[in-house]
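Here are my notes for someone opening this entry without any background. Have a look at the picture, then go through the points in order.

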Amino acid sequence: MRLTGKVVLVTGSTTGIGEGIARRFVAEGAQVILHGRNAERGNALRQELGGGNAAFCRGDLGDAGYPDQLAKDAPAAFGRIDGLVNNAAGNFISPTENLTPGGFKAVTDIVLGGTFNFTLSAGKEMIQSKSGSILLSLIHISEPTRR
């Protein structure tokens, strides 16, 4: 329970690595703001983790205005954000040679643009409130397809 009293926002936390990170923070006593594009999964995980320990914000970090909105809305869940884990990602399970320019743009809009924009927005909120730190930034790179 090393993180009792801390509030951590984990982007892309409704599946995979992000879900595991969110679960671990709750196990260590933190309150977690879950984030993802799928409201059904996000709300189910929020309930599973215990309503008082978790909140859920739905949205796509690839949408240009969403990172600013999330940085303003997320603290309402528990009053502040003490830590941010950038985990949201997008990828297409496809051989590279089949990835279209539009598909590549969708991935970079989330992984690069979303991470940068949300870190900037959340960081400004943290500076203003004199609380918080950016804990971790993850980018998932798939292994190449072997034939």
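**Notes on the fold**

1. Let's start inside the sheet: Leu9 has Leu84 as its bridge partner in strand S4. Keep in mind that this is a predicted model. S4 covers residues 83-86, and it pairs with S1 in the parallel sense over three bridges. Leu9 has a partner in S2 as well, namely Ile33.

2. Stay with S1 for a moment. Which way do its side chains point, and are they buried or exposed? Val7 and Leu9 point one way from the strand, Val8 and Val10 point the other way, and all of them are buried. Val8 also takes part in the pairing, with Val32 as its bridge partner in S2.

3. Next, S1 and S2 together. S1 is made of residues 7-10, and four bridges join it to S2, with the two strands running parallel. Put helix H1 (residues 16-27) with S1 and S2 and you get a right-handed β-α-β unit. S2 itself, residues 31-36, is mostly covered, with five of its six residues buried.

4. On to S3, which spans residues 54-58. How many bridges join S2 to S3? There are five, and these strands run parallel. From S2 the chain crosses through helix H2 (residues 39-48) to reach S3, in a β-α-β crossover that is right-handed. One pair to find by eye is Gly36 with its bridge partner in S3, Arg58.

5. Now step back to the overall order. The protein has four helices and five strands. Reading from the N terminus, the elements go β-α-β-α-β-α-β-α-β.

6. Does the overall size point to a compact globule, or to something else? A compact globule of 147 residues would have a radius of gyration near 15 Å, and the protein has 15 Å, so the two agree. For the outline, the C-alpha atoms fill a box of roughly 50 × 30 × 25 Å along the principal axes.

7. A few totals help here. Of the 147 residues, 39% count as buried. The accessible surface comes to about 8300 Å², and carbon and sulfur atoms own 55% of that. Among contacts with a separation of 6 or more, 62% are between residues 24 or more positions apart.

8. Helix H3 (residues 66-73) deserves its own point. Which of its residues are buried? They are Tyr66, Pro67, Leu70 and Ala71. These residues cover an arc of only 135° around the axis, so they sit on the same side of H3. As background, an α-helix has 3.6 residues a turn, so residues three or four places apart point the same way. The buried residues of H3 pack against S1, S2, S3 and helix H4 (101-129).

9. Asp73 is another residue found in H3. Its relative accessibility is 41%, so Asp73 counts as partly exposed, the range for that label being between 20% and 50%. If you'd like to place Asp73 against S1, try Val7: the two are 66 residues apart in sequence and 14 Å apart in space, C-alpha to C-alpha.

10. Cys57 is worth clicking on too; its place is in strand S3. With a relative accessibility of 14%, Cys57 counts as buried, because the cut-off for that label is under 20%. What does Cys57 touch, not counting residues up to four places away in sequence? The list is Ile33, Leu34, His35, Gly36, Tyr66, Leu70 and Ala74. Of these, Tyr66 and Leu70 are among the buried residues of H3. Ile17, on the other hand, lies 18 Å from Cys57 in space, C-alpha to C-alpha, with their positions 40 residues apart in sequence.

11. Last, a loop residue. Where is Gly52? It lies in the loop between H2 and S3. Leaving out residues up to four places away in sequence, Gly52 touches Gln31 and Phe78. Gly52 and Gln31 are 21 residues apart in sequence, while their C-alpha atoms are 7.6 Å apart in space.

Key. Residues are numbered from 1 along each chain as its sequence is written. This is a predicted model: local features need pLDDT of at least 70, side-chain atom pairs count only at pLDDT 80 or more; totals for chains, interfaces and linings use all residues. Side-chain values use heavy atoms; hydrogens and water are left out. Buried means under 20% relative accessible area, exposed over 50%, partly exposed in between (1.4 Å probe, protein chains only). Two strands pair if DSSP finds at least two bridges between them. A crossover is right-handed if, with the strands pointing away from the viewer, the path from the first strand over the helix to the second runs clockwise. The radius of gyration is taken over C-alpha atoms; the globule rule is 2.2 Å times the number of residues to the power 0.38. Contact means heavy atoms within 4.5 Å. Accessible areas come from the Shrake-Rupley method with a 1.4 Å probe; for residues, only the protein chains shown count as cover. The arc is that of the directions from the helix axis to the C-beta atoms.
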